[in-house]
There are 2 protein chains.
Amino acid sequence: MTETVNVIGAGLVGCLTAIALAKRNFEVVLFDYRLDPRLKSTNDRNLRSINLAISARGITSLQYVDEQISQKVLKDMIPMWGRMIHDLAGNQESQNYGLFGECINSIDRSVLNNSLLDELDGFSNISVKFGHKLSRIQFSSAKQNCIFNTDAQDQVSFEADFVVGCDGAYSTTRSQMQREVRMDYSQEYIDCCYIELYIPPAEAHNAEFGGPFQISPNHLHIWPRHNYMLIALSNGDGSFTSTFFGPWSLVESLDSRDKIQTFLTDNFPDALKLMGPDTAIEAFERNPRGALMCVECNPYHLEQGRAIILGDAAHSMVPFYGQGMNCGFEDVKVLMQLLDKHEGDRSAAFDEYSLKRHKDLVSIIKLAKDNYKEMSHGVTSRLYLIRKKLDTLLGRWLRDKWIPLYTMVSFKADIPYHQAIIKEQRQKKILTYIQQVIFAALTVGGIYSFTALRRTLKNYRR
Amino acid sequence: MTETVNVIGAGLVGCLTAIALAKRNFEVVLFDYRLDPRLKSTNDRNLRSINLAISARGITSLQYVDEQISQKVLKDMIPMWGRMIHDLAGNQESQNYGLFGECINSIDRSVLNNSLLDELDGFSNISVKFGHKLSRIQFSSAKQNCIFNTDAQDQVSFEADFVVGCDGAYSTTRSQMQREVRMDYSQEYIDCCYIELYIPPAEAHNAEFGGPFQISPNHLHIWPRHNYMLIALSNGDGSFTSTFFGPWSLVESLDSRDKIQTFLTDNFPDALKLMGPDTAIEAFERNPRGALMCVECNPYHLEQGRAIILGDAAHSMVPFYGQGMNCGFEDVKVLMQLLDKHEGDRSAAFDEYSLKRHKDLVSIIKLAKDNYKEMSHGVTSRLYLIRKKLDTLLGRWLRDKWIPLYTMVSFKADIPYHQAIIKEQRQKKILTYIQQVIFAALTVGGIYSFTALRRTLKNYRR
C-alpha cells in the first residue's frame with residue numbers, strides 16, 4: 001500500500017522534500033499558507049529576501065535528489081569566485097573563496113522557488129495546496145491529521161501516515177510536535193537588523209562584466225565597516241540585491257531622512273552612487289527591518305516515524321556563512337539516505353536522523369553566528385589577512401591534507417559540518433604555532449642583525 | 001484614574017501578584033483556566049505536585065507584600081531543620097541545613113494556594129475569573145485585550161492597561177508576547193522523570209515526632225541512590241508526599257509490576273515498608289510520569305509597560321534547590337520595589353526588571369540543575385562530606401564573612417542569587433587551597449612520622 005505524507009511548507013526545502021519523497025513512491029500532499037507565488041506580479045517583492053548563495057552542499061543535494069531537475073533549476077545561477085571588499089575610499093579588493101577556483105553561486109530565492117514548484121507538476125503523486133495555513137496536528141500511532149485554515153476562511157483536514165515540517169523558523173509543525181515529545185528548543189536573536197536595498201542594472205552593456213552590471217557580478221560585494229556592513233549579490237538582469245546589516249540601536253538612532261543621508265554618505269559613498277542616492281535613502285527609511293534569529297532544537301522527529309522537521313524549522317541560522325538553504329537541502333539528502341538505508345523503515349530512519357544530524361546542525365549554526373564578525377570587520381584586519389594567506393598557502397601545498405574552513409564548509413559536501421570544525425581546530429593550533437615560530441625567528445634574526453649592525457658601526461667608528 | 005491589570009494564572013505567584021497590585025490601588029482581574037480548586041473534593045489529588053519547601057526568599061517576599069496575610073497562609077508550614085539521608089541498610093543520618101538552626105519549611109502546594117485565594121476575597125479591587133483559558137492577547141500602546149475561551153465554550157475578552165503573566169512553564173502570555181518582542185527563549189528537558197508516591201500517617205500518635213508521623217516530620221528525607229533517588233516531605237496530617245526521581249530509560253525499563261517490585265525492594269526496602277508495599281508498587285505503576293524542564297528567556301516584558309511575566313512563565317527550573325516558588329515570590333517583591341522606586345512609571349519599572357533580574361534568574365536555574373547531582377549522590381560521598389564539614393566550620397567561625405552556598409540561597413534573602421554564586425566561587429577556591437595545604441601537611445607529617453617510626457624500630461632492634 002502506498003504511504004501518504006503531508007509536507008508542510010512549499011519553500012525551497014519543502015519542494016525538494018516533496019520531489020525526493022515522490023521519487024520514493026510516497027503519495028505527497030504539499031501545503032503552503034501563501035497563495036501560489038507564480039501567480040503574483042513579479043513587482044511584488046517582499047523586500048526581506050537576502051539573496052541566496054548556493055554552494056557544494058546545496059548543489060550536490062539537488063543532484064542527489066534529481067540530476068535533471070538540478071540542472072534545470074540551477075541554470076540561471078551566477079558564479080561568485082570571491083569577495084569584493086569595498087573600503088571607505090572606494091577601493092575594491094578581491095579575495096578568492098577557493099584555492100583552486102571553486103565558487104559559490106548567486107541565485108534569486110523566488111526564481112529558484114518557482115522553478116522547483118514548476119518541477120512538481122511533473123509528478124502525478126504530488127499535489128500542492130496553496131492558501132492552507134496549518135493550524136494544528138492530531139498525532140496518533142496510525143495516522144496524522146493536519147488541520148488547516150484555508151484562505152476561503154474555512155477549516156479542512158488532511159490525514160497522512162506522516163508529516164514533514166518544512167515551514168520555516170516559526171514552524172507550526174514544530175510547535176505541534178512539542179506537545180508530543182520532550183523537545184529541547186532555543187531561539188536567540190542576535191543584535192543585528194537587516195534592511196534590503198537595491199542596485200539597479202547599468203544603463204548599458206558592460207563588456208568587462210558580460211552584461212549590464214555596474215560592478216562585478218562574479219563577486220559577493222562587501223562594504224565592511226566593523227559593527228555594520230553592506231553586502232550585494234548579483235541578479236541575472238544586471239541588478240544587485242543589497243542588504244544592510246547593523247545593530248538595532250544604530251538603525252533605531254537613524255530616525256530621520258537627514259540622519260540616514262549623512263550615515264550612508266559618510267559610510268558608503270560609492271554604494272550610494274551605485275544605488276542612486278535618493279532611492280537608497282528612501283529605501284533605507286521605508287523598507288521593513290528584519291530580525292535575525294538562531295533556532296536550535298532536539299530531537300527533530302516524533303517516534304514511530306510520525307513526523308520530522310527539516311530546514312529552517314529545525315535550524316534557523318543567521319545568513320553570514322551562506323549555508324541556510326545549503327544545509328536545508330542537505331537535510332533532505334541525509335534523510336533520504338537514511339530512508340534508503342533502513343529500507344523504508346521510517347521509524348528507524350527518523351531516530352537515526354535526530355541522533356546523527358544534531359551535531360552537524362549545531363556546528364553550522366555556530367559557524368554562521370561567528371562569521372558575522374569575520375565579514376563585518378575581520379576581513380579588513382592585518383592579522384586576519386596574514387593568517388588567511390598562510391592558511392591558503394598551506395591549503396595549496398598540502399591539498400586534501402590541509403583544507404581551510406571556508407573550503408570545507410562551502411566546497412566539500414563530503415565533510416560533515418561538525419568534522420569541519422574539528423579539523424579546523426587542529427589546523428588553527430598549527431597555524432598559531434607557525435606564527436609563533438616565524439615571530440621568534442624574526443625576533444632572533446632582528447637581534448642578530450641589530451648586533452651585527454652595531455658591530456659594523458663600531459668597527460666603522462674605530 | 002485607576003489603572004487596570006489582567007493577571008493570568010491564579011497559582012501561587014499569580015495570587016501574590018494580585019494582592020501586591022491591589023494594595024497599590026490597581027484594579028485587578030485574576031484569571032485561571034482551572035475551576036476554583038477550593039470547590040473540588042480534597043481527594044482529587046493531581047499526583048504531580050512535588051511538595052513545596054518555602055524558605056527565606058519566599059517568606060520575606062510574602063511578608064513584604066502583606067505581613068498579616070503571610071502569617072495566616074504560612075501557619076501550617078512544618079519546619080525542616082535538615083536532610084535525613086536513608087542508606088540501603090536502613091540507617092538514617094541527619095545533615096543540618098543551617099549553621100545556626102535555620103530551617104526550610106514543608107508546605108502543601110494546594111493548601112497554600114487555597115489560603116492565598118481565600119485572602120483575595122478581602123480586596124474589593126480584585127475579581128477572580130475561573131474557567132477562563134487565555135487564548136490570545138491583542139497588544140496596543142493603550143490597552144491590552146485578552147481573549148479567553150471559557151469553560152462555557154464561548155469566547156470573552158477583557159481589556160486592561162497591562163497584563164502580568166503568571167501562567168507557568170507553558171505560559172500563553174509568554175508565547176503571545178513573543179509575537180511582539182524579539183525574546184530569546186530556551187527550554188531544556190533534563191533526563192529525569194518523576195513519580196509521586198505517598199507515605200500514610202502512622203496508626204498512632206508518635207510522641208517523639210509530636211504527631212502521627214512514621215518518620216521525622218522535621219527533615220527532608222532523601223534515599224539517594226546515585227542516578228536516582230526518592231524524597232519525602234511531611235504534611236500536616238502525618239502523611240508524607242514522596243517523589244521518585246530517575247532517568248527516563250530506567251523508568252521505561254520498569255515495565256511490569258514484577259520489575260517494579262524487585263526494583264523498589266532492592267533499592268528502597270525501608271521506604272517500601274513505610275508506604276505499604278502493595279500500594280507503593282501500584283502507585284509507581286499507575287501514577288503519571290512527570291517531565292522536568294528548564295525555561296529561560298529574556299526580556300521578561302513588553303515595552304511601554306504593556307506586559308510582564310513572573311514565576312515559572314519566566315524561569316521554570318528543576319525542583320532540586322527548592323527555589324521555584326521562592327524565586328517566583330521574590331519576582332513579585334522585586335517588581336513591586338521597582339514600581340515603587342519609579343513611582344508607578346510601569347514602563348521604567350518593567351525595563352529595569354528585565355535588565356536587573358535576568359542574571360539572578362539564570363543563576364538559580366543553573367544552581368537547581370546542578371543540585372540534582374548533589375542530592376542524588378553527592379550527599380553520600382566522602383570528599384563531599386569533608387568539604388561540607390570544612391565549609392560549615394568556616395561558616396560558623398567567620399559568621400557573615402564566610403557563608404555556605406546553601407545558606408546564601410535558602411536563608412539569606414538579601415543576597416541576590418547571582419551574587420551568591422560569585423561569593424561561592426571565591427569560597428570554593430579557598431576551600432580547595434585549604435584542602436591542598438592540609439593534604440600537604442598530612443603528607444609531610446606522614447613522611448616525618450614514618451621516618452621517626454623507622455628510626456625507633458631500628459633503635460629497638462639494636
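Start with salt bridges between domain 1 and domain 3 of chain A: in this predicted model, the count between these two domains is zero. To see the two parts, select residues 4–77, 108–186 and 295–373 of chain A together as domain 1, and then give residues 381–444 another colour as domain 3. The centres of domain 1 and domain 3 of chain A, taken over C-alpha atoms, are separated by 34 Å, and the contact between them draws 15 residues from domain 1 and 13 residues from domain 3. If you show the surface where domain 1 and domain 3 of chain A meet, the area buried there is about 1,200 Å², and carbon and sulfur atoms give 61% of this area.

Next, select residues 188–290 of chain A, which make up domain 2, and keep that selection on screen while you turn to the empty space inside the structure. Rolling a probe the size of a water molecule over the atoms shows where empty space is left. How many cavities of 30 Å³ or more does the structure hold? The structure holds one such cavity, and the largest cavity has about 30 Å³ of space in it.

Which residues line the largest cavity? Show the side chains of Leu230(A), Leu264(A), Phe268(A), Ala271(A), Leu272(A) and Met275(A), since these form the lining, and note that the lining divides into six nonpolar residues, with no polar and no charged ones. Finally, select helix H8 of chain A, residues 269–275, which gives the most to this lining, contributing three residues.

Definitions and conventions
Residues are numbered from 1 along each chain as its sequence is written. Chains are lettered from A and ligands numbered from 1 in the order in which they are written. This is a predicted model: local features need pLDDT of at least 70, side-chain atom pairs count only at pLDDT 80 or more; totals for chains, interfaces and linings use all residues. Side-chain values use heavy atoms; hydrogens and water are left out. On a 1 Å grid over the protein atoms alone, a cavity is a set of points where a 1.4 Å probe fits but cannot get out, and a pocket is an open set with protein on both sides within 12 Å along at least five of seven lines; lining residues have an atom within 4 Å of a point. Grid points are joined across faces, edges and corners, and a volume is the space filled by probe spheres set on the points. Helices (H or I, at least four residues) and strands (E, at least two) are DSSP runs, numbered from the N terminus. Ala, Val, Leu, Ile, Met, Phe, Trp, Tyr, Cys and Pro count as nonpolar, Asp, Glu, Lys and Arg as charged, and the others, Gly among them, as polar. Domain bounds come from an automatic or database domain assignment. Contact means heavy atoms within 4.5 Å. Buried area is the accessible area (1.4 Å probe) that two parts lose on being put together, summed over both. A salt bridge is a side-chain nitrogen of Lys or Arg within 4 Å of a carboxyl oxygen of Asp or Glu.
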